[in-house]
Amino acid sequence: MLRRDFLSLAAMGAGGLALPASFGTPVAAQELMTVMDVANKKRLADAAMNAATGAGATYCDVRVGRYLRQFVITREATVQNIVNTESTGVGVRVIAGGAWGFAATNSLTIEAVAAAARQAVAIAKANAPTLSAPVQLAPTPGVGEVTWRTPIAKNAMEVPIEQKVELLMGVNSAAMAAGADFINSMLFLVNEQKYFASTDGSYIDQDVHRIWAPSTATAIDKTTGKFRTREGLSAPMGMGYEYLDGAASGKFTTPNGVINYGKSYDLREDMVAAAQQARAKLTAPSVEPGRYDLVLDPSHTWLTIHESVGHPLELDRVLGYEANYAGTSFATMDKMRDRFQYGSDKVNIVADKTQVGSLGAVAYDDEGVATKKWDLIRDGKLVGYQAIRDQAHIEGKAASDGCCYADNWANVQFQRMANVSLEPSKTKHSVSDMIAGVENGIYIIGDGSFSIDQQRYNAQFGGQLFYEIKNGEITRQIEDVAYQIRTPEFWNACVGVCDESDYRLGGSFFDGKGQPSQVSAVSHGSSTARFNGINVINTARALG
């Protein structure tokens, strides 16, 4: 997933820009520092709601959205592309005749949004005869006029382009000097200015900021033509530019000396290490297949959580709504009723849309529901799903979980994954303690390629760095590692999780779902965790 996303972004360099339509149109950099007038957004929202109810809607919500993005893309000593985009418009969702209807417009006039609202009502009425049951919305109280902003110290959009280019060029130069033959580095910045209003009585103005610095170092054996890469160990974050300039804190040095990052990220330091480690991969011995105890760093574990817990516990997947695209779920509702043993008693997994610094953090979702934290797995047992307003009654809940999202004003909001995280141990337990108890194991850092079946049951995961563990000590770097799991067997093999001092976030800017497809940004936190007796394959041999 991440490798594909990185390559698609890198392709925006030489050869021109190939952005998804939802990213909007190119604009001047100074446009990224402006905001829409709140009073005007309220006028547009009121016009849409009045038109919708006048046309027969029993419910209406309006999203006035301005989505800003900046890409700074480099390779070695070249700046390949700098792109600023904006997408602005209004989406109107209604219920009429018990059915949903949706329409959108990029024309910010009273007449245009009123026309979109009437169109949404007409669509709902056309949908109504096909219903098996009317839409049943969980109640959500109106909150009046409120504002919220990602708690940032420095707006990344306001940092001069020259400063960003200087950072990336310095990173590239240092990585090349450290042994890289090729180096790609980039910045990807997002600002979502989102205004939500509904006939429930809410007028919510939110200003959401995210930042990502994906990079890859490549080393080549010029004699054999063999090459190896190591991607950056940073996480995309719901933060401002302080994530890159050292204003935040949080650096983690693993027992083998690899540095990972929490609330701040030294891109130069990481990519110098990446160059050296990519070169070391060229001579690292290949893993012997077999069963190993795995010690998984949070920079790796986030993706396993995402695929084997986050997705299968989305209620729309459980109900089969996603069967045409990206599958269903083995974690059916009878399993929750029976308190299915999803993992060992060390496994406690929560969904949380409020976590500071995370990609998914907002005060209200795209249905105007106040966000929260709730249990999915407690003491290893399945206790909950992720549900939105029109799903809550199916799970027997009185209210939505606040996890509804649309990636653009032009797309209808629907159920999306919250930040889903493995809670750290409440007792003191370090990474060194974890490794000390392993006789024959592998320490895995960073995410890699993966595959998983349509029910999120059988899967395979790779990584960035692999270290052999023998008799409680790290012995050497190895290569070609991937492990195979069946989801409940894997999580039941969890014998320990480190304490909160090791807790870190990973995540993705591009979690795809739906038809037509949308993406969302989501984080997953954990501390280092150990899983015993996991089957490891040699990927080089598997490929022949």
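Which residues is isoleucine 442 in contact with, leaving aside its neighbours within four places in sequence? The legends below begin with that residue. The model is predicted: local features need pLDDT of at least 70, side-chain atom pairs count only at pLDDT 80 or more, and totals for chains, interfaces and linings use all residues. Residues are numbered from 1 along each chain as its sequence is written, and side-chain values use heavy atoms, with hydrogens and water left out.

**View 1. Isoleucine 442 and the largest nonpolar core.** Beyond four places in sequence, isoleucine 442 is in contact with Val287, Tyr292, Asp293, Leu294, Val295, Phe466, Tyr467, Ile469, Ile478, Val481 and Val536. Contact means heavy atoms within 4.5 Å. The largest nonpolar core has 51 residues, and those that touch the most other members are Leu294, Val309, Leu313, Tyr342, Ile442, Tyr483 and Trp491. Another core lies apart from it, with 31 residues, including Leu168, Leu189, Ile211 and Leu505. A nonpolar core is a set of buried Ala, Val, Leu, Ile, Met, Phe, Trp, Tyr and Cys residues joined through side-chain atoms within 4.5 Å. Buried means under 20% relative accessible area, exposed means over 50%, and partly exposed is in between (1.4 Å probe, protein chains only).

**View 2. The salt bridge of aspartate 181 and lysine 222.** A salt bridge is a side-chain nitrogen of Lys or Arg within 4 Å of a carboxyl oxygen of Asp or Glu. By this rule there are 34 salt bridges. In this one, the N to O distance between the side chains of aspartate 181 and lysine 222 is 2.7 Å. The two residues are 41 residues apart and link distant parts of the chain: aspartate 181 is in the loop between α4 (161-177) and β6 (182-198), and lysine 222 is in the loop between β8 (215-220) and β9 (227-231). Helices (H or I, at least four residues) and strands (E, at least two) are DSSP runs, numbered from the N terminus. Aspartate 181 counts as buried because its relative accessibility is 17%, whereas lysine 222 is exposed, at 68%.

**View 3. The salt bridge of arginine 378 and glutamate 423.** The closest N and O atoms of this pair are 3.1 Å apart. Arginine 378 is in strand β14 (residues 373-378), and glutamate 423 is in the loop between β18 (419-422) and α11 (431-436), so that the pair, 45 residues apart, links distant parts of the chain. Arginine 378 counts as partly exposed, at 23% relative accessibility, and glutamate 423 as buried, at 17%.**View 4. The salt bridge of glutamate 489 and arginine 486, and a network.** The side chains of glutamate 489 and arginine 486 meet at 4.0 Å, N to O. Glutamate 489 is partly exposed, with a relative accessible area of 48%, and arginine 486 is partly exposed as well, with 41%. Elsewhere, a network of salt bridges links Glu192, Lys194, Arg210 and Asp366.

**View 5. Helices α2 and α3.** The axes of helix α2 (residues 38-54) and helix α3 (residues 110-127) cross at roughly 35° and come within 8 Å. Axes are lines fitted to C-alpha atoms, for helices over the stretch in contact, and angles run from 0 to 180 degrees between N-to-C directions. The contact is made by Arg43, Leu44, Ala47, Ala48, Ala51 and Ala52 of α2 together with Ile110, Val113, Ala114, Ala117, Arg118 and Val121 of α3. By class, this contact has 10 nonpolar, no polar and two charged residues. Ala, Val, Leu, Ile, Met, Phe, Trp, Tyr, Cys and Pro count as nonpolar, Asp, Glu, Lys and Arg as charged, and the others, Gly among them, as polar.

**View 6. Backbone features in three loops.** Glutamine 515 and proline 516 are joined by a cis peptide bond, with omega about 0°. Proline 516 is in the loop between β24 (504-513) and β25 (518-526). Arginine 339, a residue other than glycine, has a positive phi near 50°. Arginine 339 is in the loop between α9 (333-337) and β13 (349-352) and is partly exposed, at 41% relative accessibility. Asparagine 471 is not a glycine either, yet its phi is positive, at about 50°. Asparagine 471 is in the loop between β20 (458-470) and β21 (473-478) and is exposed, with a relative accessible area of 65%.

**View 7. Glycine 142.** Glycine 142 is in the loop between α3 and β5 (144-149) and counts as partly exposed, at 36% relative accessibility. Not counting residues up to four places away in sequence, glycine 142 touches Asp200, Gly201 and Ser202. The C-alpha atoms of glycine 142 and lysine 373 are separated by 20 Å, and these residues are 231 residues apart along the chain.
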